[in-house]
Amino acid sequence: MNDNQPRLPPGQFLTGKFPVLHEGEIPEFNRERWGFRFFGLVEKERTLDFEEFSGLPMASVKADFHCVTTWSRYDNLWEGVLARTIAGLARPRREAKYVLIHCEHGYTTNLPLEDFLREDVIFALKWEGSDLTREHGYPLRLVVPHLYAWKSAKWVRGVEFLSEDIRGFWESRGYHNNGDPWSEERYSSQE
Ligand SMILES: Nc1nc2c(c(=O)[nH]1)N[C@H]1C(S)=C(S)[C@@H](COP(=O)(O)O)O[C@H]1N2
Ligand SMILES: [Mo]
């Protein structure tokens with residue numbers, strides 16, 4: 001957090017609850033069929049099964065969470081695999097400038113590679129010391145603390161590295177392409 005800005009972004013209110021927000025049904029987790037794939041403009045495309053993914057080096061991130069519908073929740077403790085660790089395995093090519101995150105049921109969200117590589121971006125398996133609950137993304141979700149929470153994709157299955165930006169699910173349905181809560185980048189009409 002920057003010292004000269006307040007902790008709560010403009011237009012947000014603080015909640016101690018952890019609301020559940022998503023489009024569609026909660027997917028079933030099938031351990032045998034699950035895979036996490038990194039692909040596109042990388043040196044090493046690969047699909048990790050759940051055991052392999054769970055065996056990657058783990059990290060934890062404590063971060064505030066800001067939903068564009070105006071609720072914010074402070075100090076969420078996430079544990080999992082840093083986006084940087086995944087990029088280290090995939091080795092993005094020089095032309096890779098964006099990522100598209102792929103989830104169950106076709107949900108996607110996009111980020112500049114630079115944002116993806118921030119030190120606190122994490123593929124979380126746990127929240128507050130326990131496995132994610134199904135409604136919060138079990139078994140795996142992305143957490144991007146510095147952007148609105150629709151970028152924190154639940155039920156993640158892969159990451160695609162791209163040279164051109166491709167808008168994700170909400171970014172194609174009226175929400176801002178970047179989604180910086182400090183600048184209130186809420187709607188695509190502001191772009
Ligand atoms: N796969 C998927 N991930 C998603 C969404 C979704 O609809 N599908 N909604 C996003 C939105 S809008 C928000 S605010 C957060 C909410 O996370 P939570 O339900 O764990 O609070 O999840 C994000 N991740
Ligand atoms: Mo949201």
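Where is Thr70 placed? Thr70 sits in the loop between strand E4 (59-66) and strand E5 (71-82). Helices (H or I, at least four residues) and strands (E, at least two) are DSSP runs, numbered from the N terminus.

This is a predicted model, in which local features need pLDDT of at least 70, side-chain atom pairs count only at pLDDT 80 or more, and totals for chains, interfaces and linings use all residues. Residues are numbered from 1 along each chain as its sequence is written, chains are lettered from A and ligands numbered from 1 in the order in which they are written, and side-chain values use heavy atoms, with hydrogens and water left out.

## Backbone angles

Thr70 has a phi near 95 degrees, a positive value in a residue other than glycine. Arg91 also has a positive phi, near 55 degrees. Arg91 lies in the loop between helix H2 (83-90) and strand E6 (98-103). Then there is a cis peptide bond, which joins Tyr138 and Pro139. Its omega is about 10 degrees. Pro139 belongs to the loop between strand E9 (130-131) and strand E10 (141-143). Why note such cases? Most residues other than glycine have a negative phi, and most peptide bonds are trans.

## The ligand

How many residues surround ligand 1? The count is 19, and the closest are Pro19, Glu23, His136, Arg141 and Lys154. A residue counts as near a molecule if one of its heavy atoms lies within 4 Å of it. By class, the shell has 13 nonpolar, 3 polar and 3 charged residues. Here Ala, Val, Leu, Ile, Met, Phe, Trp, Tyr, Cys and Pro count as nonpolar, Asp, Glu, Lys and Arg as charged, and the others, Gly among them, as polar.

Three of these closest residues make polar contacts with the ligand. A polar contact is a pair of N or O atoms within 3.5 Å; within protein, one must be able to donate a hydrogen and the other to accept it, and residues adjacent in sequence count only if both atoms are side-chain atoms. Pro19 places a backbone N or O atom 2.6 Å from an oxygen atom of ligand 1. Glu23 does so with a backbone N or O atom at 2.8 Å. His136 uses a polar side-chain atom, 2.6 Å from an oxygen atom of ligand 1. Taken alone, ligand 1 exposes 530 Å², and the protein buries 97% of that. These areas come from the Shrake-Rupley method with a 1.4 Å probe; for residues, only the protein chains shown count as cover.

The space taken by ligand 1 is the largest pocket. On a 1 Å grid over the protein atoms alone, a pocket is an open set of points with protein on both sides within 12 Å along at least five of seven lines. A molecule sits in a pocket if more than half of its atoms lie within 2 Å of its grid points.

## Buried or partly exposed

Buried means under 20% relative accessible area, exposed over 50%, and partly exposed in between (1.4 Å probe, protein chains only). The table sorts some residues by these terms.

| Residue | Relative accessible area | Class |
|---|---|---|
| Asn110 | 1% | buried |
| Trp71 | 7% | buried |
| Thr70 | 25% | partly exposed |
| Tyr98 | 26% | partly exposed |
| Arg134 | 38% | partly exposed |
| Phe13 | 45% | partly exposed |
| Arg91 | 46% | partly exposed |

Asn110 is in strand E7 (residues 108-112). Its side chain reaches the backbone oxygen of Ile166 at 3.4 Å.

## Sequence and space

Now take pairs of residues, with distances from C-alpha to C-alpha. Trp71 is in strand E5. Trp71 and Leu14 are 57 residues apart in sequence and 5.9 Å apart in space. Arg134 lies in the loop between E9 and E10. Arg134 and Phe29 are 105 residues apart in sequence, with 8.7 Å between them in space. Phe13 belongs to strand E1 (residues 13-14). Its C-alpha atom is separated from that of Asp75 by 15 Å, and the two are 62 residues apart along the chain. Tyr98 is found in strand E6. From Tyr98 to Ala59 there are 39 residues in sequence and 23 Å in space.

Key: 1 Å grid on protein atoms, 1.4 Å probe; cavity = no way out; pocket = protein on both sides within 12 Å on 5 of 7 lines; lining within 4 Å.
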